[in-house]
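Q: Please take a close look at one part of this protein, a single strand together with what surrounds it. I should like the part to be set against the whole chain before its residues are discussed one by one.

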Amino acid sequence: MRGVGVIEFGGPEALQVVELPEVHAGPGEVRVRVHAATVNPTDTFIRGGARAAALRESGPPPYIPGMDAAGVVDEVGPDTETDLQVGDAVMAMVIPRGSHGAYRESIVLKADAVTRAPAGASHAEASTLPMNALTARLSLDQMGLQPGQTLAVTGAAGCYGGYMVELGKADGLTVIADAAEKDVQLVKDLGADIVVPRGDDISEQIRQVAPEGVDGLADGAVQNELAVGAVKDGGHYASVRGWGGPDDGERGINFHITLVFNYDRRADLLDTLRQQVEDGQVTLRVNSTYPAEQASETHRLFKQGGHRGRFVITFD
């Protein structure tokens, strides 16, 4: 069975096709024949060795990245309570450990981590949903904003930011989002009520349209101190890179560190997101697809930045 991973950590060229042993579903598990795996920032950390110590504790190489998988159920383990059947098109978020990452032709997962793919979506499209959308869902749940309140989103043209805009609107929030000039129409199409220019003056830009400050801010652009000024006293700030606010606190703001592994094995939430895709509330954005043999190219392009939609590695 083929996978894409690293034997030695390094740049994009370190990714290579590797042979992995066949796996089978045990009790409470399903096996997914993976057809598409999305490239995310976390994948580059694994490839580059940023988490080398933890990976080495998990066992010997190869180390397989990948947090998003889409494909078809091809085995259901014994004594598994699930309504999934062999042949169902599915998607899942994967927490990589050692060789257990989404960049592989076949993966065994707990049944409560897997749900059906959106009707009519390709495998590539379905693979772009799980990790980024669950991250956005978690940020919203942490902030606990109520319908009618105001949410600001930085990095709104990105995948996490785009889902924040769409899910925020679905939750009944007023959404203020940033965008570079070339992305303004994209962010408007995602549903943002107000679009402000992206930049280091983001707090000032948001305060111009929300003078009292916003109730919550999801910082997809990782602007930290530059963005927190947009939040009103006692409001909420969600960080996807572990920033817990300034050391001396900040005006009673509630800082939330969004760690998506807290929503591991939440097929119930992922299934709600599937329904929102089918209802037209959430969109799936693929930049381009590459066969497993060209996986290093996806990481090279990802490193360049500025892309919209996800790069997807395919196993056909």
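A: The accessible surface of the protein chain comes to about 12900 Å², and carbon and sulfur atoms hold 47% of that surface. This value, like every other one below, is computed from a predicted model. Of the 316 residues in the protein chain, 56% are buried. For a chain of 316 residues, a compact globule would have a radius of gyration near 20 Å, and the protein chain agrees with this because its own value is 20 Å. Along the principal axes, the C-alpha trace spans about 60 × 40 × 35 Å. The protein chain is built from 10 helices and 15 strands. Among its contacts with a separation of 6 or more, 66% are between residues 24 or more positions apart.

The strand chosen for the close look is β8, residues 150-154. β8 supplies at least two residues of the largest nonpolar core, a core that has 43 residues in total. The other elements that each give at least two residues to this core include β5 (89-93), α4 (130-143), α5 (159-170) and β9 (174-179). α6 (184-190) and α9 (267-278) are also among these contributors. The most is given by α4, with seven residues. The members that touch the most other members are L129, L134, L151, V153, M164 and V165. A second core, of 36 residues, is separate from this one and includes V39, Y63, I107 and F311.

Three residues, T150, L151 and T154, can now be taken in sequence order. T150 belongs to β8. Its relative accessible area is 17%, under the 20% cut-off, and therefore T150 counts as buried. Residues up to four places away in sequence being left out, T150 contacts L145, T174, I176, V214, D215 and G216.

L151 has a longer list of neighbours to consider. With residues up to four places away in sequence again left out, L151 touches L140, M143, L145, M164, G168, L173, T174, V175, I176, G216, L217 and A218. One of these, M164, is listed with L151 among the core members that touch the most other members.

T154 is also found in β8. T154 is buried, because its relative accessible area is 0%, under the 20% cut-off. The side chain of T154 nevertheless has a polar partner: a polar contact of 2.6 Å links it to the side chain of D219. Beyond four places in sequence, the residues that T154 touches are D178, I202, L217, A218, D219, G220, A221, V222, Q223 and A227.

The contacts of T154 lead on to helix α7, since I202 is one of the residues it touches. α7 covers residues 202-209, and I202, S203, Q205 and I206 are buried there. These four lie on the same side of α7 because the arc they cover around the axis is only 165°. β8 is among the elements that cover the buried residues of α7. β9, β10 (194-197), β11 (214-219) and α8 (225-228) also take part in that cover.

Another neighbour of T154 is V222, which is placed in the loop between β11 and α8. Most residues other than glycine have a negative phi. V222 departs from this pattern, with a positive phi near 55°. V222 is classed as partly exposed because its relative accessible area, 35%, falls between the cut-offs of 20% and 50%. N224 lies in the loop between β11 and α8 as well. The phi of N224 is positive too, near 50°. N224 is buried, however, with a relative accessible area of 17%.

In summary, β8 contributes to the largest nonpolar core and helps to cover the buried residues of α7. Within this strand, T150 is buried, and so is T154, whose side chain makes its polar contact with the side chain of D219. The loop between β11 and α8 holds V222, a residue that T154 touches.

How values were computed
Residues numbered from 1 in each chain as written. Predicted model: local features only at pLDDT ≥ 70, side-chain atom pairs only at ≥ 80, totals over all residues. Heavy atoms only, no water. Core = buried A, V, L, I, M, F, W, Y, C linked by side-chain atoms within 4.5 Å. Buried < 20%, exposed > 50% of the residue type's maximum accessible area, 1.4 Å probe, protein only. Contact = heavy atoms within 4.5 Å. Polar contact = N/O pair within 3.5 Å; in protein donor to acceptor, adjacent residues only side chain to side chain. Rg over C-alpha atoms; globule rule 2.2 N^0.38 Å. Areas by Shrake-Rupley, 256 points an atom, 1.4 Å probe, with all protein chains shown as cover. Arc of directions from axis to C-beta.
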